[in-house]
Amino acid sequence: MLFKIATMNITSDPASERQIEPVFRVILHLDLDAYFASVEQRDHPEWRGKPVIVGAPPTQRGVVATASYEARKFGIHSAMASVTAGRLCPEGIFVTPRIDAYRLESKAIMAIMAAVGTPMEQVSIDEAYLDLSSLCQGEDADTSLKLALPIARQLKDRILFERKL
């Protein structure tokens, strides 16, 4: 799971050219890297620590949707032909995607994010932006970013504790 936090300083009203109190935009970016594979490893503990490849099996025409970190060590990546992935990682565990399970898990994770109570925009099944600006205003951009770190850590810990991801 990856959280990125960025700021933007808004100091003037372009319509009137008057100066206003600085507002530092603090946006948290959630990206659940290797999401499908992580859900599979959570749901199948015997696959933890092993190369999991979500997508078409290497015996059929198709591509890799995602791969666990263990599979990535073999050079496996999203959109790679499954037959190529099978050659690079013959011991890989190929898993047919369970989109309904990933959507259900995504809904639970996004509910955790939304519980912060600030505007959120989900942009894909495993990615969202959370506007923390109203909660994280410091005297400058750096201080505003630092105020967001405990929130990001709490979210990460809660997702790990509640969702095991």
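## A three-stranded sheet and a helix residue pair

Three strands of this chain come together as an open sheet, arranged in the order β4-β3-β5 with mixed pairing. The edges of the sheet are formed by β4 (64-67) and β5 (93-95), each of which pairs on one side only, and from one strand to the next the twist averages 25 degrees. The model in which these elements are described is a predicted one.

Within the sheet, strand β3, which covers residues 52-55, pairs with β5 in the parallel sense, and three bridges connect the two. One residue pair lets the reader locate this pairing in the structure: Val54 has Val95 in β5 as its bridge partner. Across β3, β4 and β5 lies helix α1, made of residues 35-43, and this helix runs at about 120 degrees to β3.

These elements belong to a chain that has five helices and seven strands, and reading along the sequence gives the pattern β-β-α-β-β-α-α-β-α-β-β-α. Of the 165 residues in the chain, 36% are buried. The accessible surface of the chain amounts to about 9400 Å², and carbon and sulfur atoms account for 56% of that surface. Among the contacts in the chain with a separation of 6 or more, 52% are between residues 24 or more positions apart.

Helix α4, which spans residues 99-114, includes Lys107, and Ser106 has its place in helix α4 as well. Which of these two residues is buried and which is exposed? Ser106 counts as buried because its relative accessibility is 2%, under the 20% cut-off, whereas Lys107 is exposed because its relative accessible area is 64%, over the 50% cut-off.

The surroundings of Ser106 can be followed from its contacts: leaving aside residues up to four places away in sequence, Ser106 touches Tyr35, Gln122 and Ile125. Where Ser106 meets Ile125, a polar atom of the Ser106 side chain lies 2.6 Å from the backbone oxygen of Ile125. Tyr35, another of the residues that Ser106 touches, falls within the residue range 35-43 of helix α1, the helix that lies across β3, β4 and β5.

Ile125 also offers a reference point for Lys107, since the C-alpha atoms of Lys107 and Ile125 are 8.4 Å apart in space, while the two residues are 18 residues apart in sequence.

Methods: Residues numbered from 1 in each chain as written. Predicted model: local features only at pLDDT ≥ 70, side-chain atom pairs only at ≥ 80, totals over all residues. Heavy atoms only, no water. Helix = DSSP H or I, 4+ residues; strand = E, 2+ residues; numbered from the N terminus. Buried < 20%, exposed > 50% of the residue type's maximum accessible area, 1.4 Å probe, protein only. Polar contact = N/O pair within 3.5 Å; in protein donor to acceptor, adjacent residues only side chain to side chain. Contact = heavy atoms within 4.5 Å. Areas by Shrake-Rupley, 256 points an atom, 1.4 Å probe, with all protein chains shown as cover. Pairing = 2+ DSSP bridges. Axes fitted to C-alpha atoms, helices over the stretch in contact; angles between N-to-C directions.
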